[in-house]
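Open the model in your viewer and keep the selection panel at hand. We will go stop by stop.

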Amino acid sequence: MDPAHYLLFGIFAILAISTFVGNMLARRQLASGPNPVIKNLNARIKSWWFMITLVVVAFLAGLPGMIILFGLASFASLREFLSLLHTKRSDHLALWVSFFVILPLQYYWIVIDWYGVFSIFMPVYAFVALPIVAVLRGDPNRYMQRVAEVQWALMTCVYCVSHVPALMTLKLSDQSTNPALLIFFLLIVAQGSDVLQYIFGKLLGRRKVAPTLSPSKTWEGLIGGVAGATLLGGSLWWITPFNVPEAMALAFLISMMGFFGGLVMSAIKRDLKVKDWSDMIAGHGGTLDRLDSLVFSAPVFFHVTRYAFTV
Amino acid sequence: MSFVQSFLASTLRILVPLVAQSITGAKARWQGCKPELRQRVYFANHGSHGDFLLIWSALPEALRPMTWPVVGADYWNKGGVRRFLIRNVFRAVTVERESQGERRVALEHLNEALDENGSLILFPEGTRNTSDTQLLPFKSGLYHLAVANPHVEFVPVWIENIRRVLPKGDILPVPLLCSVTFGEPISVGEAEKKSDFLERAQNAVVALAPRDGKESTP
């Protein structure tokens, strides 16, 4: 049997168990009155069914499926990010170009497998083009701030996220591995690390890691989450071109990058005076609240894998 | 109205709110009151021609047929498509707003609409706000309307972001997330002066902005 089948079976088995446990907790606390934590937990699990189904459908559809899924995820996050910024009327064209020119082009380079342009298009050409578009209206008011904010939104939501489907284009030295499974490895480790941090944090969390940035992140959650995700990654070596120690090292890297990605995005949310990016996904907040752990880990994982494991 | 026209109008009445909500992700936040089947005047900040559509779409379907937007005749009576949309689809009250006399007639139209038990969506700034301030000073029509109709609830509404979606003078919409926040109804106090009421109404609208001063230039 194809390793993908075992993997999908395992994922849905874990989801089913979580749903069962969530329902049991909900039933047990019926007597003691409503509990917001358990209500939120069950909302999250329900949304996980939806999100995981989307990823699986995209996986079955191959590269076009993944491009559409992550293109839409980029679109939704960019929209959440830009909606909260302090842009002015004079930025209108720059915003339009971000949504309808830069974003589709960045994903198009993956479709035609043009790695050179994929990796420099946004840091070079979009970086140069956007300030030019923004300056055409002749408005110097807060110019620096406005341009920098839009560029940050694009780099995180589009450039960084686009490295997830780009994993499919890697020419792995180990040809028996399906590169699409690298996406599962990254998603399972990064999101698994988030979930484990949440569970360890809720059960054992005492000391806050960064009270000024994120009230919910604790040392206990961080250590338990990263250790758990490292083991989880190691146990998935059979879907990757890595051996067990390599898989664990990469999983550790992904969950650390995931943690710092989440921390950086929390700092931005605090700065913009919001708690969640939006309320699109029930229980989770916005799309970007779910993607924040991929923003930094995806490009780093992509380049390490490309350097060490491709022809 | 012919059969085809009325069919088209009722289809658009269902379709247009869906499209508007998917472009803007518009969320309705009922902060100071609940969506109820009673006579109301919703008064809101004005940044785009799409404003009334967002409020109208944010209302539960049952309230929409009796809620009529108040729009400028100079823009909406131009061309057959606009006229069809505004008269047949949204059943809006179109008003002239250029001269003093026209504004007096406009007020009469609004009073007549309220006499027919309709609710209104009104933009008391009188024109779309393109400045860096959150709100332009309200026109006095809101005060006169409130004095003449004490039985009607005047609900302040804040529309977030719509003017960044489609600013005055631009033609390409940008799909930013919008929200519509409904506040606590206000009414004219006994012996309250016109200027005091208008100021209170303006403050009630601005107070609903999710993050104060976001659009102002520091």
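**Stop 1: the core.** This is a predicted model. Start with the largest nonpolar core, which has 131 residues. Select Leu78(A), Leu154(A), Val161(A), Ile183(A), Leu186(A), Ile55(B) and Val157(B); these touch the most other members. Next, color helix α7 of chain A, residues 180–204. Helix α7(A) gives the largest share of this core, twelve residues. In soluble globular proteins, nonpolar side chains tend to be buried together.

Now center on Ile55(B). Which residues does Ile55(B) contact, leaving aside neighbours within four places in sequence? Show Tyr42(B), Ala44(B), Ile121(B), Val157(B), Ile159(B) and Val180(B). Val157(B) is also on the list of core members with the most contacts.

**Stop 2: where the chains meet.** Show both chains. Here 15 residues of chain A are in contact with twelve residues of chain B. Select α3 (63–83) and α4 (92–111) of chain A: these elements give two or more residues to the side that touches chain B. By class, that side of chain A has four nonpolar, six polar and five charged residues. For the model as a whole, ipTM is 0.83 and pTM is 0.87.

**Stop 3: the sheet in chain B.** Hide chain A and switch to cartoon. Seven strands form an open sheet here. Trace them in the order β1-β7-β6-β2-β5-β3-β4; the pairing is mixed. Which strands stand at the edges? They are β1 (27–30) and β4 (93–95) of chain B. Each has a single partner strand, so one side of each is left without a neighbour in the sheet. Look along the sheet for its twist: neighbouring strands are turned by 25 degrees against each other on average, direction ignored.

Zoom in on β6 (153–160) and β7 (179–182) of chain B. These two strands run antiparallel and are joined by four bridges. Pick Trp158(B); its bridge partner in β7(B) is Thr181(B).

Then add helix α8 of chain B, residues 194–206. Helix α8(B) lies across β2 (40–44) and β6 of chain B, at about 45 degrees to β6(B).

**Stop 4: a tryptophan.** Select Trp68(B), in strand β3 (residues 67–72) of chain B. Is Trp68(B) buried or exposed? Count other C-beta atoms within 10 Å: there are 22, so Trp68(B) is buried, the cut-off being 20 or more. Beyond four places in sequence, Trp68(B) touches Arg91(B), Ala92(B), Val93(B), Ala113(B), Gly118(B) and Leu120(B). Use the distance tool on the C-alpha atoms of Trp68(B) and Ile121(B). They are separated by 6.1 Å, though the residues lie 53 places apart along the chain.

**Stop 5: two positive phi angles.** Go to Asn117(B), in the loop between α5 (100–115) and β5 (119–122) of chain B. Asn117(B) is not a glycine, yet its phi is positive, about 70 degrees. Asn117(B) has 10 C-beta neighbours inside 10 Å, so it counts as exposed.

Bring chain A back and find Lys273(A). Lys273(A) sits in the loop between α9 (244–271) and α10 (287–295) of chain A. Its phi is near 65 degrees, again positive in a residue other than glycine. Lys273(A) counts as exposed, with 11 C-beta neighbours inside 10 Å.

**Last stop: confidence.** Color chain B by pLDDT. The average is 87, and 96% of the residues score at least 70. Then select residues 212–218 of chain B, where pLDDT stays under 50. For this stretch the model has ten contacts beyond four places in sequence.

Note on methods
Residues numbered from 1 in each chain as written. Chains lettered and ligands numbered in written order. Predicted model: local features only at pLDDT ≥ 70, side-chain atom pairs only at ≥ 80, totals over all residues. Contact = placed C-beta atoms within 7 Å. Nonpolar A, V, L, I, M, F, W, Y, C, P; charged D, E, K, R; others polar. Pairing = 2+ DSSP bridges. Axes fitted to C-alpha atoms, helices over the stretch in contact; angles between N-to-C directions. Core = buried A, V, L, I, M, F, W, Y, C linked by C-beta atoms within 7 Å. Buried ≥ 20, exposed ≤ 12 C-beta atoms within 10 Å, placed from the backbone. pLDDT = per-residue confidence, 0-100.
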